[in-house]
Amino acid sequence: MTENTLNALRHDINEIDADLMVLLAKRRRISHSVLEYKIANSKPIRDEEREQALLEKLISYGKSLGLDAFYVNSVFQTILEDSVLNQQALLQKSLNPQVLGDTHRVAYLGGQGSYSQLACHKYFSRRPGKIVEMGCSTFDKITEQVEQGKADYGLLPIENTSSGSINEVFDLLQHAQVSIVGEVTQTVEHCLLSNPGTELKDITKIFAHHQPFAQCSRFLQGLGELQQETCDSTSSAIQCALETPNSAAIASAQAGKNVGLEVVKTALANQAENHSRFIVVARQSLQVSTQLPTKISLIMATKQQVGSLADALMIFKLHNINMVKLESRPVPGNPWEEVFYVDLLANTAEPKVQKALEQLKECTQFIRILGCYQSESLQAVDVL
Ligand SMILES: O=C(O)C(=O)C[C@]1(C(=O)O)C=C[C@@H](O)C=C1
């Protein structure tokens with residue numbers, strides 16, 4: 001094959017890709033129109049039966065065209081997820097026009113290339129408007145920016161599939177005057193990054209935030225006596241690696257590319273599927289439509305009596321409310337006292353939930369709703 005033929009083929013591929021883009025944009029516009037019907041008729045945004053029927057039909061049509069089921073399924077699951085999440089974000093915006101403005105000042109940990117920045121871009125990509133990024137050096141500074149009205153939103157990592165709950169953030173939520181208004185999950189692909197030409201055997205020191213250190217503990221154990229230096233954020237770890245010969249940082253490949261560091265090794269995390277869930281906080285709580293899958297996060301301190309935690313949890317069961325997270329953390333200044341963090345798949349606008357929360361007030365010492373927000377972890381319809 002000549003180079004000319006190759007160029008002609010690539011030209012054809014470019015045209016097909018451009019046509020696909022036009023069709024994807026058209027599909028998105030139609031999906032927005034379907035939302036109008038759902039708003040007018042109070043229908044839930046997600047229609048899993050419709051998704052199932054659609055995917056089955058597409059898989060069978062794909063087979064007749066020589067496309068395998070796995071490929072068709074993965075392409076259309078992505079399209080459907082985009083469609084659902086966009087409908088949800090638009091509905092939220094129509095419900096809270098005064099709060100969800102056109103400029104989003106977002107405070108997050110670190111700077112360019114941090115996982116928080118990636119999560120910020122992911123979350124706000126569905127929320128039209130300009131993002132003003134405010135990189136911060138600590139979690140406290142993030143909530144301070146929001147409390148003082150200098151930022152509209154703060155992004156805080158709350159849990160990771162390898163290292164578990166991020167206790168610092170749970171503790172911060174005990175006293176920060178902010179509400180949780182959203183969540184976003186970001187895939188975290190840790191790589192070892194170093195100055196060009198550096199090989200793994202040359203590296204004597206590794207810089208990272210303590211979370212990546214925890215998430216890559218097995219890889220690090222395998223390296224033996226290597227110096228590890230904990231940094232405030234992934235961005236500052238990258239800066240240190242840039243300035244220190246024979247050193248490396250743990251961060252995403254993209255973060256390294258931004259500053260000229262090269263990837264020495266990929267896939268460092270203990271778990272192959274390494275994801276972090278971030279919460280989005282703001283000064284004001286949001287109204288969340290009951291047409292959306294929603295979560296409530298709350299903290300509570302139970303009475304110091306036998307069975308008081310069991311009594312509190314029983315209330316959720318009695319009202320058929322699904323509890324998806326329960327964490328306990330010590331209360332600063334009160335040794336051996338615990339505060340519980342609870343996530344529920346529920347909406348504070350539902351009467352049964354209001355009733356349950358009233359009952360919970362009666363059987364606990366203290367309860368505070370941290371937020372009711374749109375849950376973005378969509379469970380894909382299973383067709384394969
Ligand atoms: O058909 C609908 O109800 C839509 O909103 C469209 C659509 C889609 O993009 O195809 C989106 C969300 C639903 O879960 C099902 C299908």
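V281 makes a good place to start in this predicted model. Leaving aside neighbours within four places in sequence, V281 is in contact with T143, V146, Y153, G154, L156, V178, S179, I180 and V181. The largest nonpolar core has 72 residues, and within this core V281 and A249 touch the most other members. Helix α4 gives the core its largest share, 6 residues.

That brings us to α4 itself. The helix runs over residues 115–124, and 8 of its 10 residues are buried, so α4 is largely enclosed by the rest of the structure. If you want to find the buried positions on screen, look for Y115, S116, Q117, L118, A119, C120, Y123 and F124. Their cover includes strands β1 (103–109), β2 (130–136), β3 (153–160), β5 (179–187) and β11 (275–282), together with helix α9 (234–243).

Now for the wider view. The protein has 384 residues, of which 33% count as buried. Its secondary structure comes to 12 helices and 15 strands, and its C-alpha atoms fill a box of roughly 80 × 60 × 40 Å along the principal axes. If we take contacts between residues at least 6 apart in sequence, 76% of them join residues at least 24 apart.

The chain is divided into four parts: domain 1 (3–95), domain 2 (103–188 + 275–282), domain 3 (191–265) and domain 4 (294–374). Between the C-alpha centres of domain 1 and domain 4 there are 39 Å.

UniProt, in an unreviewed entry, also annotates stretches of this chain, including a "Chorismate mutase" domain, a "Prephenate dehydratase" domain and an "ACT" domain. The table sets out how each of these spans looks in the model.

| Residues | Helix | Strand | Distance between end C-alpha atoms |
|---|---|---|---|
| 1–91 | 86% | 0% | 52 Å |
| 105–283 | 31% | 35% | 12 Å |
| 297–374 | 31% | 50% | 11 Å |

In the record, residues 1–91 carry the "Chorismate mutase" label, residues 105–283 the "Prephenate dehydratase" label and residues 297–374 the "ACT" label.

Next comes the ligand. Which residues are around it? They are S31, V34, R46, D47, R50, E51, L54, L80, S83 and V84. Helices α1 (3–40), α2 (48–64) and α3 (69–95) each supply at least two residues of this shell. Sorted by class, the shell has 4 nonpolar, 2 polar and 4 charged residues.

One more residue deserves a visit: L55, which sits in helix α2. Is L55 buried or exposed? L55 is buried, because 21 other C-beta atoms lie within 10 Å, where 20 or more is the cut-off for that label. Apart from neighbours within four places in sequence, the contacts of L55 are N73, F76, V381 and V383. As for N274, 219 residues separate it from L55 in sequence, and the two are 27 Å apart in space, C-alpha to C-alpha.

Methods. Residues are numbered from 1 along each chain as its sequence is written. This is a predicted model: local features need pLDDT of at least 70, side-chain atom pairs count only at pLDDT 80 or more; totals for chains, interfaces and linings use all residues. Domain bounds come from an automatic or database domain assignment. A residue is near a molecule or strand if its C-beta atom, placed from the backbone, lies within 6 Å of it. Helices (H or I, at least four residues) and strands (E, at least two) are DSSP runs, numbered from the N terminus. Ala, Val, Leu, Ile, Met, Phe, Trp, Tyr, Cys and Pro count as nonpolar, Asp, Glu, Lys and Arg as charged, and the others, Gly among them, as polar. UniProt positions are given in the numbering used here, feature names are shortened, and annotations may be inferred rather than shown by experiment. A residue is buried if 20 or more other C-beta atoms lie within 10 Å of its own, exposed if 12 or fewer, and partly exposed in between; C-beta atoms are placed from the backbone. Two residues are in contact if their C-beta atoms, placed from the backbone, lie within 7 Å. A nonpolar core is a set of buried Ala, Val, Leu, Ile, Met, Phe, Trp, Tyr and Cys residues joined through C-beta atoms within 7 Å.
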